[in-house]
Amino acid sequence: MNIHRGLKFNYAFIVIFGVFLILISENGFSQSSQYIGLSNGIQGIAGRDLGFSQLKYTGIRYVLSLGYEVKKPNRSESLSLNFAKGTSNSRGGNSMETWSLGLVSHTLYHRDTSRYKGFRYGWSLQNELNHRLHQRFANFNNRMDYFTSVGPAIGYLFPISWEDKKLGWNTKAHMQGVGFKFASDYISSVPPVIESDGTVGDSLWYATDVFWIGRDWSVGCWSEIRYETSSGNSLGVQYQFDFQQLSVAQEVIRVRNSIMLNICVRL
C-alpha cells in the first residue's frame, strides 16, 4: 500500500470532519460534558510472528482513531476505535501487509474536588483484531490473532492556564489482566475453530484460550498535550505506546508507537 497516499487522504478527511463538527458545536446544539474526537497520524511498528519466522518485521503504518468521552463529577469514561494499516519489512527483504482494528475503553474514578487535576484510577476493556499477509509465501500466507481482556488503568490530568485558554497534559495507562483469545493454528492460517469449508466448527469452546497476565501481555500508554478554547472544542497532539505478547499456537510479539493529531468537539 502507499503510505503517503493513505496519509493524504486521512489528513484531508480529518480537516473536513473537524471543521464541520466545530461549526456545528459553535451553533450550540448541546452543552453537556460529552466529547467526540478524530485522530490521524502515523505508527511505527516492530513485531515477530513465529508462524512466519523468527525475524523481526518493522515498518510505518497510518492510523485513524475515533473517540468518545463523557466527563462526570466523579468519573470519566472514554471509548476509542482505532484502525491502522501498513507494510512491515524484515532485514532479509521480505515484506508483509498488516492491519489492526481495536476498541479500547477506560473508566477512571476520582473525587469531585480533583476532577480537573490529579490522579484517577479505574479499569480498562480492550478488544483487538490483527491480521498479517506475507508477500513471499504461497501457502498459509495470512495469519491473524484476536483477544479481548479487562484490567486495571490509571490516569493523570495536569491543567495549565494560558491567556484565558486551557492548555493541559493528560495521560492514562492500562495493563490487561484476564480475558480470552484465539489465533491462527500452528501451521494453518485459520484458527482451529474454522473447518475446511470455512464454517465455525463444534470445537469453538475448546479452541478459545484464556488470556492471563504473566503468560500474555497487553500494556498501553496514551498521553497528549491539548489546547482547549472557551467553547470546549480542542486541538491536541497525542502519543500512544503499546506492547503485546500473545502465547498462542505460534507466539506473537509486537511493539507500536503512534503520533497523532486530534480534533475534539464538545457536544
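**Notebook: Ser100, strand S8 and a cavity**

I started at Ser100, whose side chain makes a polar contact with the side chain of Arg61 at 3.0 Å. I note for the record that this is a predicted model.

**Entry 1, Ser100.** I placed Ser100 in strand S4, which covers residues 95–109. Is Ser100 buried or exposed? I found a relative accessibility of 5% for Ser100, so this residue counts as buried, the cut-off being under 20%. I then listed what Ser100 touches, leaving aside residues up to four places away in sequence: Arg61, Asn82, Phe83, Ala84, Leu129, Asn130 and Arg256. Arg61 therefore appears in my notes twice, as a residue touched by Ser100 and as the partner in the polar contact between side chains, a contact being heavy atoms within 4.5 Å.

**Entry 2, the cavity.** I looked for enclosed space next. How many cavities of 30 Å³ or more does the structure hold? I found one, and I noted a volume of about 140 Å³ for the largest cavity. Its lining consists of 17 residues. Nearest the centre of the largest cavity I wrote down Ile45, Gly47, Met96, Arg132 and Arg254. Which strand gives the most to this lining? I recorded S1, with five residues. The strands that each supply at least two lining residues are S1 (34–49), S2 (57–71), S4, S5 (118–134) and S12 (252–266). S4 is also the strand where I had found Ser100.

**Entry 3, strand S8.** I turned to S8, residues 178–183, to see which way the side chains point. In a regular strand the side chains alternate between the two faces of the sheet. I saw alternation along S8: Gly179, Lys181 and Ala183 point to one face and are buried. Val178, Phe180 and Phe182 point to the other face and are not buried. I noted that Lys181 is in the buried set and that two Phe residues, Phe180 and Phe182, are outside it. For the pairing, I found S8 beside strand S9 (residues 209–212), antiparallel, over four bridges. Val178 stands opposite Trp212 of S9.

**Entry 4, the whole chain.** I closed with the overall figures. I counted two helices and twelve strands. From the N terminus the order is α-β-β-β-β-β-β-β-β-α-β-β-β-β. Of the 267 residues, 42% are buried. Among contacts between residues at least 6 apart in sequence, 63% join residues at least 24 apart. I put the accessible surface at about 14400 Å², with 63% of that area belonging to carbon and sulfur atoms.

Note on methods: Residues numbered from 1 in each chain as written. Predicted model: local features only at pLDDT ≥ 70, side-chain atom pairs only at ≥ 80, totals over all residues. Heavy atoms only, no water. Buried < 20%, exposed > 50% of the residue type's maximum accessible area, 1.4 Å probe, protein only. Areas by Shrake-Rupley, 256 points an atom, 1.4 Å probe, with all protein chains shown as cover. Pairing = 2+ DSSP bridges. Polar contact = N/O pair within 3.5 Å; in protein donor to acceptor, adjacent residues only side chain to side chain. 1 Å grid on protein atoms, 1.4 Å probe; cavity = no way out; pocket = protein on both sides within 12 Å on 5 of 7 lines; lining within 4 Å. Points joined across faces, edges and corners; volume = space filled by probe spheres on them.
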